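Please look over the sequence and the model below before reading on. The paragraphs that follow take a few side chains at a time and say where they lie and what they meet.

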Amino acid sequence: MKNKEIVLITIGFVTLVLLCLGIYVFIEQKTEYTLNLPNIENLDSINLENKNIMEKEKIEEILNILNKEKRTTKEESIQDSPINVSDKIKIDFHFVNGGISTLFIYQKNKYYYIEQPYNGIYKITENEYKKIKNFSLEE
């Protein structure tokens, strides 16, 4: 009878370990998202909080700030616009051949983010956030 109990306990323990390992592997296998920004050649203008920016130098500077490093994340965006955030800035990329692509930068829980709807949510620094915000405040 003792051997049967030891075998059952061992099988239960091994099953539990395999289950935990499977959950860990599943979580780590999440899709990695990459921030997709347009090429400057394809852009006509950028609209920041209803301020239209058409100067190629400024457009290039904004793109460089947003894509300072090739941003990747495992955090998926599942909506059109971020919710429960502060200081949200909407950025619309207007293409030469027509069409618009949108992303948002914002603050949430003392951190700053770029959110590309239905793609990903990427961390940025407070300094990067402020640099983009300053473009929307320029006269």
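In this predicted model, a good place to begin is the ring of Tyr 111, because the charged end of Lys 123 sits over that ring at 4.4 Å from its centre, which falls within the 6 Å that the rule for such an arrangement allows.

From there one can turn to pairs of rings, of which a search of the whole structure finds 2. One of them is formed by Tyr 112 and Tyr 129, whose ring centres lie 4.9 Å apart and whose planes make an angle of 40°, so that the pair counts as tilted, the class left for angles that are neither under 30 degrees nor over 60. This pair links distant parts of the chain, since Tyr 112 belongs to strand β7 (residues 111-116) and Tyr 129 to helix α3 (residues 126-137), with their positions 17 residues apart in sequence. Are the two tyrosines buried or exposed? Tyr 112 counts as buried because its relative accessibility is 11%, and Tyr 129 counts as buried because its value is 4%, the limit for this class being under 20%.

Tyr 129 also appears among the contacts of Asp 87, a residue found in strand β5 (residues 86-95). When the neighbours within four places in sequence are left aside, Asp 87 is in contact with Ile 105, Tyr 106, Gln 107, Tyr 129 and Lys 133. Asp 87 itself counts as partly exposed, because its relative accessibility is 41%. Lys 58, by contrast, lies 29 residues from Asp 87 in sequence, and the two are 22 Å apart in space when taken from C-alpha to C-alpha.

Charged side chains also meet one another, and the count of salt bridges comes to 3. In one of them Arg 71 is joined to Glu 128, with the closest N and O atoms 3.0 Å apart. Here too the pair links distant parts of the chain, for Arg 71 lies in the loop between α2 (56-66) and β4 (72-73), whereas Glu 128 lies in helix α3, and the two are 57 residues apart. Both Arg 71 and Glu 128 are buried.

Helix α3 holds another salt bridge, in which Glu 126 is paired with Lys 130 and the closest N and O atoms are 3.1 Å apart. Because these two residues stand 4 residues apart in helix α3, they are separated by about one helical turn. Glu 126 is partly exposed, with a relative accessible area of 38%, and Lys 130 is likewise partly exposed, with a relative accessible area of 43%.

A further salt bridge is the one in which the side chains of Lys 90 and Asp 92 meet, at 4.0 Å from N to O. Which of these two residues is buried, and which is partly exposed? Lys 90 counts as partly exposed because its relative accessibility is 37%, while Asp 92 counts as buried because its relative accessibility is 12%.

The last stop is on the surface, where Phe 13, Val 14, Val 17, Leu 18, Leu 21 and Tyr 24 make a nonpolar patch of about 620 Å². Leu 21, one of the residues of this patch, has its place in helix α1 (residues 2-28). With a relative accessible area of 48%, Leu 21 is partly exposed, and it therefore passes the limit of over 30% that is set for residues of a patch.

Key. Residues numbered from 1 in each chain as written. Predicted model: local features only at pLDDT ≥ 70, side-chain atom pairs only at ≥ 80, totals over all residues. Heavy atoms only, no water. Phe/Tyr/Trp six-rings, centres within 6.5 Å; stacked < 30°, edge-to-face > 60°. Buried < 20%, exposed > 50% of the residue type's maximum accessible area, 1.4 Å probe, protein only. Lys NZ or Arg CZ within 6 Å of the ring centre and 35° of its normal. Contact = heavy atoms within 4.5 Å. Patch = residues over 30% accessible without salt bridge, like charges linked within 9 Å, V, L, I, M, F, W, Y side chains within 5 Å. Areas by Shrake-Rupley, 256 points an atom, 1.4 Å probe, with all protein chains shown as cover.
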